[in-house]
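Trainee: Could you show me how to read a protein model together with its ligand? I would like to go feature by feature.

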Amino acid sequence: MIKEGDLALIYVDERRSKVVKVVKDKTLHTDRGYLKLGDLIGLEWGSKVRLSTGVTAYVLKPTLVDLMFKSFKRATQVIYPKDLAYMVMLSGIGEGSRVAEAGVGTGFLTAVLAWAVGSRGHVYGYEIKKEYIDVASRNLESAGLSGRVTLKNKDITQGIDEQELDAVFLDMPNPWDVFPHLQNSLKPSGSLVIFVPTVNQVLKILSHMREFKKLTNISVAELILREYQVSQEALRPKSIGVTHTGYVITSRFIKEP
Ligand SMILES: C[S@@+](CC[C@H](N)C(=O)[O-])C[C@H]1O[C@@H](n2cnc3c(N)ncnc32)[C@H](O)[C@@H]1O
């Protein structure tokens, strides 16, 4: 049942879907008509409702991706779901894992890591800009994930405070400057997962990895996703979309070369 204060995805069509907070006396206005949000209280998730004009809409329980794209405030470039899913799966983390991450930015990766480690795990997020910490903190709170995350207004190249971590995730311009700190923070066999937008950075990372010698099982991947427009008359790839995101580099930390 939908309760007052819940976040709900009101889906009219692909172009008109919005995450709203269900509050009595609030109204959602769209170019297809309005919807009184108080009327949603007590309905079951998945219910069909009508906008003021009679147009049909559905009330869906938002997924984490819905919240990230339709409700989180955006402060920085973010990592997209195709890359986030791959990064989490290859890292080997799961329920109960402890992970560090930098930089937090908008908090897309932080939210996905918090979701993946579950209520028994924890995410330590490093971010140099205080204003981004504030944005990410509000975003995580709205997704109900803030209890699993500690955000730190710190430069991760100066050190990682935590020990025995299962994985370290880096989405920042100079990830190689963090390598010396892995020694005291990452469990042997733990994962280092890096996301960077350019090939130049990939080359630099690989060169530093070779020099550092304590990373093995190194992989580099670019994930290419082609989305389709779902139309009964014209099922075909979408003509516009995100054409480039970045590269995912994964590796495992070893005790000695
Ligand atoms: C591209 S954004 C991260 C986006 C984030 N992964 C997401 O999905 O929302 C990169 C962030 O790294 C932060 N940053 C850069 N260098 C850093 C450092 N040495 N320590 C901590 N954060 C850093 C920047 O301030 C910026 O917010």
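Mentor: Happy to; we will go from the whole chain to a helix, the cores, two residues and the ligand.

Trainee: What should I know about the model, and how many helices and strands does the protein chain have?

Mentor: Keep in mind that this is a predicted model. The protein chain has six helices and 15 strands. Along the principal axes, its C-alpha atoms fill a box of roughly 65 × 40 × 30 Å.

Trainee: How much of the protein chain counts as buried, and how much area does it expose?

Mentor: Of the 257 residues, 44% count as buried. The exposed area is about 13,800 Å², with carbon and sulfur atoms supplying 51% of it. You can also look at sequence separation: among contacts between residues at least 6 apart in sequence, 61% join residues at least 24 apart.

Trainee: Let's take one helix. Which residues of H2 are buried?

Mentor: Helix H2 spans residues 81-91, and its buried residues are Asp-83, Leu-84, Met-87, Val-88 and Ser-91. Seen down the helix axis, these buried residues fall within an arc of 130°, so they line one face of H2.

Trainee: What do the buried residues of H2 pack against?

Mentor: Two helices, H1 (64-70) and H3 (108-117), and three strands, S10 (165-170), S11 (186-196) and S15 (247-253). Just after H2 comes Gly-92, with a positive phi of about 80°.

Trainee: Which residues touch the most other members of the largest nonpolar core?

Mentor: That core has 31 residues, and Met-87, Ile-93, Val-99, Leu-113 and Phe-169 touch the most other members. The elements giving two or more residues to this core are H1, H2, H3, S10 and S11, and the largest share, eight residues, comes from H3.

Trainee: Which residues does Ile-93 touch?

Mentor: Not counting residues up to four places away in sequence, Ile-93 touches Val-88, Val-99, Leu-113, Ala-116, Val-117, Ala-167 and Phe-169. There is also a second, separate core of 26 residues, which includes Ala-100, Val-178, Leu-182 and Leu-192.

Trainee: Now a polar residue. Is Ser-17 buried or exposed?

Mentor: The cut-off for buried is under 20% relative accessible area. Ser-17 has 16% relative accessibility, so this residue counts as buried. Ser-17 lies in strand S2 (residues 16-21), and its side chain makes a polar contact of 3.0 Å with that of Lys-70. Beyond its neighbours within four places in sequence, Ser-17 is in contact with Leu-9, Ile-10, Tyr-11 and Lys-70.

Trainee: And where is Arg-16?

Mentor: Arg-16 is in strand S2 too. Arg-16 has a relative accessible area of 14% and is therefore buried. A polar contact of 2.6 Å joins its side chain to that of Asp-13. Leaving out residues up to four places away in sequence, Arg-16 touches Ile-10, Tyr-11, Asp-31 and Arg-32.

Trainee: Last, the ligand. How many residues surround the ligand, and which are the closest?

Mentor: There are 23 residues around the ligand, and the closest are Phe-108, Glu-127, Tyr-132, Asp-155 and Asp-171.

Trainee: Which polar atoms of the protein should I look at around the ligand?

Mentor: Begin with Asp-155, where a polar side-chain atom lies 2.7 Å from a nitrogen atom of the ligand. Then look at the backbone: a polar atom of Leu-109 is 3.3 Å from a ligand oxygen, and one of Ile-128 is 3.4 Å from a ligand nitrogen. Taken alone the ligand exposes 610 Å², and the protein buries 90% of that.

Definitions and conventions: Residues are numbered from 1 along each chain as its sequence is written. This is a predicted model: local features need pLDDT of at least 70, side-chain atom pairs count only at pLDDT 80 or more; totals for chains, interfaces and linings use all residues. Side-chain values use heavy atoms; hydrogens and water are left out. Buried means under 20% relative accessible area, exposed over 50%, partly exposed in between (1.4 Å probe, protein chains only). Helices (H or I, at least four residues) and strands (E, at least two) are DSSP runs, numbered from the N terminus. The arc is that of the directions from the helix axis to the C-beta atoms. Contact means heavy atoms within 4.5 Å. A residue is near a molecule or strand if one of its heavy atoms lies within 4 Å of it. A polar contact is a pair of N or O atoms within 3.5 Å; within protein, one must be able to donate a hydrogen and the other to accept it, and residues adjacent in sequence count only if both atoms are side-chain atoms. Accessible areas come from the Shrake-Rupley method with a 1.4 Å probe; for residues, only the protein chains shown count as cover. A nonpolar core is a set of buried Ala, Val, Leu, Ile, Met, Phe, Trp, Tyr and Cys residues joined through side-chain atoms within 4.5 Å.
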